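Let us take a walk through a protein model together. Keep the sequence and the 3D view open side by side as you read.

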Amino acid sequence: MSTSKYLFPAAEHPLHQASPTLKLREATTGFGLALRYQERSPGAPEGSWCETGHSVFILSGRIRYRFDDHVVEAGPGDMLHIPAGPEHRHKPSVIGDEVVRYTLTEFPA
């Protein structure tokens, strides 16, 4: 395997249990971004508001993002971009009984 500041080998970043319903694998870049693979399980109560920006690609399952003024539902193959900041605050939740698997790039607020 080649070495580059642009390459983030996933095997070097193990999947860990961040909460009872969230597993994640994260690689933090030197560019101020976090690259993540996440697995969100159904059944979690809705958490607190998130103001971090994300670009998300859904691999499997269905997820709902609640915003102040609307709700977005997404499934496999869907992509979302949520800018950072309080005007874009959101809360994710799982739709149905299937684990949601997705990748995201996290942008600081």
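Leaving aside its neighbours within four places in sequence, which residues is G61 in contact with? They are A74, G75, P76, E98, V99 and V100, where contact means heavy atoms within 4.5 Å.

Before we go on, a word on what you are looking at. This is a predicted model, in which local features need pLDDT of at least 70 and side-chain atom pairs count only at pLDDT 80 or more, while totals for chains, interfaces and linings use all residues. Residues are numbered from 1 along each chain as its sequence is written, and side-chain values use heavy atoms, with hydrogens and water left out.

Back to G61, which sits in the loop between β4 and β5 (62–67). With a relative accessible area of 3%, G61 is buried; that word means under 20%, while exposed means over 50% and partly exposed lies in between (1.4 Å probe, protein chains only).

On one side of this loop, β4 (residues 53–60) belongs to an open, antiparallel sheet of six strands, in the order β1-β2-β3-β9-β4-β7. Strands here are DSSP runs (E, at least two residues), numbered from the N terminus, and two of them pair if DSSP finds at least two bridges between them. At the edges stand β1 (16–19) and β7 (79–82), each with a single partner strand, so one side of each has no neighbour in the sheet. The partner of β7 is β4, joined to it over four bridges, and one bridge matches V56 with L80.

On the other side of the loop, β5 runs antiparallel to β8, with six bridges between them. Here R62 has I95 as its bridge partner. Strand β8 (residues 90–95) is largely enclosed by the rest of the structure, because five of its six residues are buried.

Now look for charges. The model holds five salt bridges, each a side-chain nitrogen of Lys or Arg within 4 Å of a carboxyl oxygen of Asp or Glu. One of them joins E26 to R36, with the closest N and O atoms 2.6 Å apart. This pair ties strand β2 (residues 22–28) to strand β3 (residues 34–40). R36 also meets E106 at 3.0 Å, N to O, linking β3 to strand β9 (residues 100–107) across 70 residues of sequence. Through shared partners, E26, R36 and E106 form one network. In this network E26 is partly exposed at 29%, whereas E106 is buried at 18%.
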